[in-house]
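Open the model in your viewer and keep the selection panel at hand. This tour goes from one selection to the next and says what is there.

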Amino acid sequence: MSNRDMLFSAPIAQLGDWTFDERVAEVFPDMIQRSVPGYSNIISMIGMLAGRFVQPHTQVYDLGCSLGAATLSVRRNIQAEGCKIVAVDNSPAMIERCRRHIDAFRAETPVEVIEADIRDVVIENASMVVLNFTLQFLAPDERQQLLKKVCEGMRPGGALVLSEKFSFADKDVGELLFNMHHDFKRANGYSELEISQKRSMLENVMLTDSVEIHKARLHNAGFAHAELWFQCFNFGSLVALKAGDA
């Protein structure tokens, strides 16, 4: 059972920028379930996609793996033989716990857990790559470059799962979904203080894009197909496919 997220329940005098530190890692499973609508559905469906897309003798990359939820879902569902999963995160606190989580489950497919910046990781022989709520923490001008690197390191017929919090060109829709997300957090027991303090800490480090911008970037990166496959309020996930062998 994970610890309950109480990080923002008391007023914080100096709200710095958000970091994935020891305190966040400690309560992360509870925090993400109560903060991200549809999160557990996305995790289980990433496994279903892995069953369909992971090819024999290829690699799967989980970039920004946090505690390894997507990695474990992929590993449970891989049908192909001779595969390896590479799980990457730049937070030492996350990586330490991720290793423990992954070691707790026995499975055929080996997992290499790496503490590194995803911008420095070489992507090669990949049949599937997961960016599950990770791209939004990169500077906007670095996002295109990363997606291009992912596509170039991918086998024909490979799939990228890109989950993000979205912004919307239509202000009325954006405001509605923003408010629905806050209702979701209130329903999960977060107070107004917790919601507002967390939001102001995330403001400078999580800059969101519209679905349209994501699709344009994915096509520019070299993916043949890109479409939204899951959405709940202002959170969702796209799947992008590299063209198969001609």
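Begin with helix α1, residues 22-35, and helix α6, residues 171-187. This is a predicted model. The axes of α1 and α6 come within 8 Å and cross at roughly 130 degrees. An angle over 145 degrees would count as roughly antiparallel, and 65 to 115 as roughly perpendicular. α1 and α6 are therefore oblique to each other. Show side chains at the contact: α1 supplies Q33, R34 and S35, and α6 supplies H181, F184 and K185. Colour these residues by class and you get 1 nonpolar, 3 polar and 2 charged.

**The other partner of the tour for α1**

Keep α1 selected and add helix α4, residues 92-103. The axes of α1 and α4 come within 8 Å, crossing at roughly 40 degrees. Angles under 35 degrees count as roughly parallel. This pair, α1 and α4, is therefore oblique. The crossing of α1 and α4 is right-handed. On the α1 side, select E22, V24, A25, E26 and F28; on the α4 side, select A93, M94 and R97. Which classes meet where α1 touches α4? The contact of α1 with α4 has 5 nonpolar and 3 charged residues, and no polar ones.

**Zoom out**

Now show the whole protein as a cartoon. There are 8 helices and 7 strands. The chain has 246 residues, and 50% of the residues count as buried. Switch on the surface: the accessible area is about 11,800 Å², with 52% of it belonging to carbon and sulfur atoms. How far apart in sequence are the residues that touch? Take the contacts between residues at least 6 apart: 79% of them join residues at least 24 apart. The next two stops each include a pair of residues far along the chain from each other.

**I46**

Select I46, in helix α2, residues 39-53. Is I46 buried or exposed? Its relative accessible area is 0%, so I46 is buried. Display what surrounds I46. Beyond the neighbours within four places in sequence, I46 is in contact with A70, S73, V74, M128, V130, N132, V161 and W229. Draw a line from the C-alpha of I46 to that of V130: the separation is 8.2 Å. Along the chain, I46 and V130 are 84 residues apart.

**M154**

Go to strand β5, residues 154-165, and pick M154. M154 is buried, at a relative accessible area of 4%. Leaving out residues up to four places away in sequence, M154 touches A126, V129, A159, L160, F223 and K242. Add T58 to the view. The C-alpha atoms of M154 and T58 lie 9.3 Å apart, while 96 residues separate M154 and T58 along the chain.

**Two loop residues with positive phi**

Finish with backbone angles. Most residues other than glycine have a negative phi. Select H57, in the loop between α2 and β1 (59-63). Phi of H57 is near 55 degrees, a positive value, and H57 is not a glycine. H57 is partly exposed, with a relative accessible area of 48%.

Then move to S66, in the loop between β1 and α3 (69-77). S66 is not a glycine either, and its phi is positive, about 45 degrees. What is the relative accessibility of S66? The value is 12%, so S66 counts as buried, whereas H57 is partly exposed.

Terms used:
Residues numbered from 1 in each chain as written. Predicted model: local features only at pLDDT ≥ 70, side-chain atom pairs only at ≥ 80, totals over all residues. Heavy atoms only, no water. Helix = DSSP H or I, 4+ residues; strand = E, 2+ residues; numbered from the N terminus. Buried < 20%, exposed > 50% of the residue type's maximum accessible area, 1.4 Å probe, protein only. Contact = heavy atoms within 4.5 Å. Areas by Shrake-Rupley, 256 points an atom, 1.4 Å probe, with all protein chains shown as cover. Axes fitted to C-alpha atoms, helices over the stretch in contact; angles between N-to-C directions. Left-handed = near helix turned anticlockwise from the far one by under 90°. Nonpolar A, V, L, I, M, F, W, Y, C, P; charged D, E, K, R; others polar.
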